[in-house]
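Q: Hey, can you walk me through this one? I'm new to reading structures.

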Amino acid sequence: MLEQTRSLVALDTGAPSAGHVLPLELRRLSLETGGRRLIDSVDLKVEEPGITVILGPNGAGKSLLLRLVHGLVAPTDGIILWGGRPMDDEIRRRQAMVFQKPVLLRRTSAANITYALGLRGIARSERNSRAQQALELAGLERHAFTPARVLSGGEQQRLCLARALSLDPEVLLLDEPTASLDPASTLDIERLFIGAKHRGIKVIVVTHDVGQARRLAQDVIFLHHGRLIEHQPAGRFFDHPESDTARAFMAGGLVL
Amino acid sequence: MLDLSQAFASALRQIVTLDSQLLQIIALSLKVTLTAVAIATLLGFSVGGVLAVYRFPGRGAVAALLNALMGLPPVVAGLIVYLLLSNAGPLGVLQLLYTPGAMIIAQAILITPIVAALTRQTCEDLLEEYRDQLRSLGASSAEMVTTLLWDGRYRLTTAVLAGFGRAIAEVGAVMIVGGNIDHVTRTMTTAIALETSKGNIALALALGMILLAIALVVNIALMSIRRLAAHFAYA
């Protein structure tokens with residue numbers, strides 16, 4: 001426990017506050033492929049730090065929206081601003097993203113992290129200790145030299161999160177990080193990014209799990225058919241959703 | 001029938017007694033082919049990796065050309081190198097014709113497309129899985145190439161082996177540019193062709209058995225490497 005606290009503090013040093021990257025602003029953001037509008041003219045402003053949840057049924061465009069704000073997909077129309085600046089490589093380097101299906105290199109757990117640190121230009125001498133800290137944070141120190149891809153699903157996702165956090169991001173983007181995990185692993189993952197939030201990292205998480213959204217969200221972005229239906233503080237969204245679709249979705253009804 | 005069994009016994013005797021003529025031929029074959037494989041690996045990995053990652057005009061054409069060249073007949077590769085290295089050719093001054101150097105060049109030309117095409121395929125498959133994560137981490141295109149080559153290292157052994165198998169077994173190219181000169185450019189395959197036509201079945205048979213043994217050993221080694229890789233989930 002003591003070790004855990006120490007590594008938390010260590011990871012915290014030098015992490016700039018999220019203030020520089022916020023607000024995240026989307027203006028008339030659209031994405032069209034093959035004549036289909038997958039993201040339809042989304043206007044949005046996220047100003048508060050903490051955890052923002054992007055919620056919606058399957059195929060609503062949640063993951064796509066996350067990829068757009070991370071700059072992995074270019075919009076066909078509209079703009080994305082982080083702290084008033086258009087999205088570019090420099091801004092992406094201040095972010096880290098964790099995908100639904102863990103993407104791990106064919107190397108050891110530790111090497112997966114040192115590799116990422118290397119890409120970010122961290123000095124070789126510093127990489128090992130930072131990787132060690134990140135592994136401890138995720139409770140994976142025993143598996144430092146285990147090939148990453150033989151870890152269990154939950155461990156793999158924790159490793160992905162550890163790798164993301166080792167980069168000291170200002171923004172952490174999570175795409176359904178617990179969609180295929182059991183409750184215990186889900187709890188581990190949620191703890192990790194709640195910890196990240198407490199260290200001032202802006203967290204944006206995509207989920208279709210209403211329970212998870214309730215547990216975590218400060219504010220909720222509700223998408224349906226590529227459109228922004230609601231963006232509300234969590235309390236108001238869950239107690240008094242304005243739209244019928246959001247109400248139906250949370251009541252567990254099938255939303256078409 | 002008696003002839004054949006005698007030839008077989010004689011072949012075994014030559015192998016067991018490490019006949020010096022035999023050893024010389026084996027050593028030259030391995031030297032030529034392994035050097036060609038090393039060159040083809042260096043070139044093929046680079047070309048294949050770059051083709052997998054970079055987008056540029058004509059990329060599809062290059063990939064298609066590589067695939068077509070995988071089927072390049074060895075005699076044609078030999079002919080091209082012959083024309084390049086002959087006294088009248090553009091590289092005639094190098095005086096490489098009928099030397100092991102010429103054979104290495106011919107085999108490298110023959111198998112570089114194979115290594116490159118298989119490398120491109122392997123890297124593309126891997127990139128499919130890695131692309132978003134690598135871009136998210138901030139990898140440049142060049143960094144992606146090295147990452148894919150390293151992470152595909154176990155799968156890429158197949159590409160190298162395919163090149164080795166083709167080079168060690170081909171006759172046409174080394175025959176044309178090497179000339180099958182005794183003690184200088186005689187390889188296992190050219191020797192087999194010559195000795196068979198001369199009726200010296202024993203030596204041909206001995207070389208044939210060794211060629212088979214080499215193929216077997218290399219394949220077993222590769223299978224063990226891949227099994228190890230699968231165990232670590234690195235494949």
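Q: Which strands does helix H7 of chain A lie across?
A: Helix H7 (residues 183-198) of chain A lies across strand E3 (51-55), strand E7 (171-175) and strand E8 (202-207) of chain A. H7 runs at about 150 degrees to E8(A). Contact means C-beta atoms, placed from the backbone, within 7 Å; angles run from 0 to 180 degrees between N-to-C directions, with axes fitted to C-alpha atoms, for helices over the stretch in contact. Helices (H or I, at least four residues) and strands (E, at least two) are DSSP runs, numbered from the N terminus.

Q: Where do these coordinates come from, and how is stuff numbered?
A: It's a predicted model: local features need pLDDT of at least 70, side-chain atom pairs count only at pLDDT 80 or more, and totals for chains, interfaces and linings use all residues. Residues count from 1 along each chain as its sequence is written, while chains are lettered from A and ligands numbered from 1 in the order in which they are written.

Q: OK, what order do the sheet strands come in?
A: In chain A, 6 strands form an open sheet ordered E6-E7-E8-E3-E9-E10, with mixed pairing (two strands pair if DSSP finds at least two bridges between them).

Q: Why is one side of E6 and of E10 left without a neighbour?
A: Strand E6 (95-98) and strand E10 (227-233) of chain A stand at the edges with a single partner strand each, so one side has no neighbour in the sheet.

Q: How do E9 and E10 pair up?
A: Strand E9 (residues 219-224) of chain A and E10(A) pair in the antiparallel sense over 6 bridges. A:Ile221 stands opposite A:His231 in E10(A).

Q: New topic: how many residues does each chain put into the contact?
A: Chain B gives 14 residues and chain A gives 16 residues. On the chain B side, H5(B) gives the most, with 7 residues.

Conventions: Contact = placed C-beta atoms within 7 Å.
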